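Which charged side chains pair up here, and how open are they to solvent? This report takes the salt bridges one by one.

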Amino acid sequence: GTPSRVDRRTVDVSRLEEQRGDEGLPKGFSFDPDFDPDEFRTTPELRSQLSCYVTRTTAATADLVNSNLDETPTYGGWCDAKGPRYCPSI
């Protein structure tokens with residue numbers, strides 16, 4: 001699913017597994033025909049990499065989520081949009 005977006009300053013990541021970004025120059029990816037991978041690789045502000053952090057959940061958490069799916073926009077029926085913006089994640 002789509003990773004959660006949280007304010008990095010509010011999370012203690014010291015006990016989480018770090019996933020670093022690309023080593024060296026990152027590889028751009030786009031379906032945009034005007035996308036220039038060479039510009040992406042040579043523009044410093046586009047090369048900035050942030051680490052991601054892996055968390056794990058438990059069966060109890062999965063049960064809690066599953067028992068409350070009707071409270072979510074997509075599964076609750078009050079939003080019929082589909083796609084990555086509405087991808088459920090915790």
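What follows covers the salt bridges of a predicted model.

The structure holds 3 salt bridges. The table lists each pair with its N to O distance.

| Acidic partner | Basic partner | N to O distance |
|---|---|---|
| aspartate 7 | arginine 9 | 2.8 Å |
| glutamate 17 | arginine 56 | 3.4 Å |
| glutamate 18 | arginine 20 | 3.7 Å |

**Arginine 56 and glutamate 17.** These two side chains meet at 3.4 Å, N to O. The pair links distant parts of the chain, with the two positions 39 residues apart in numbering. Glutamate 17 sits in strand 1, residues 17-19. Arginine 56 lies in the loop between strand 2 (52-54) and helix 3 (59-66). Arginine 56 has a relative accessible area of 65%, so arginine 56 is exposed. Glutamate 17 is partly exposed, because its relative accessible area is 41%.

**Aspartate 7 and arginine 9.** The closest N and O atoms of this salt bridge are 2.8 Å apart. Aspartate 7 has 33% relative accessibility and therefore counts as partly exposed. Arginine 9 reaches a relative accessible area of 74%, so arginine 9 is exposed.

**Glutamate 18 and arginine 20.** Here the closest N and O atoms are 3.7 Å apart. That falls within the 4 Å cut-off for a salt bridge. Glutamate 18 is partly exposed, with a relative accessible area of 39%. Arginine 20 stands at 60% relative accessibility and counts as exposed.

Why can such pairs form? Side chains of opposite charge can pair when their charged atoms come close.

Note on methods:
Residues are numbered from 1 along each chain as its sequence is written. This is a predicted model: local features need pLDDT of at least 70, side-chain atom pairs count only at pLDDT 80 or more; totals for chains, interfaces and linings use all residues. Side-chain values use heavy atoms; hydrogens and water are left out. Buried means under 20% relative accessible area, exposed over 50%, partly exposed in between (1.4 Å probe, protein chains only). Helices (H or I, at least four residues) and strands (E, at least two) are DSSP runs, numbered from the N terminus.
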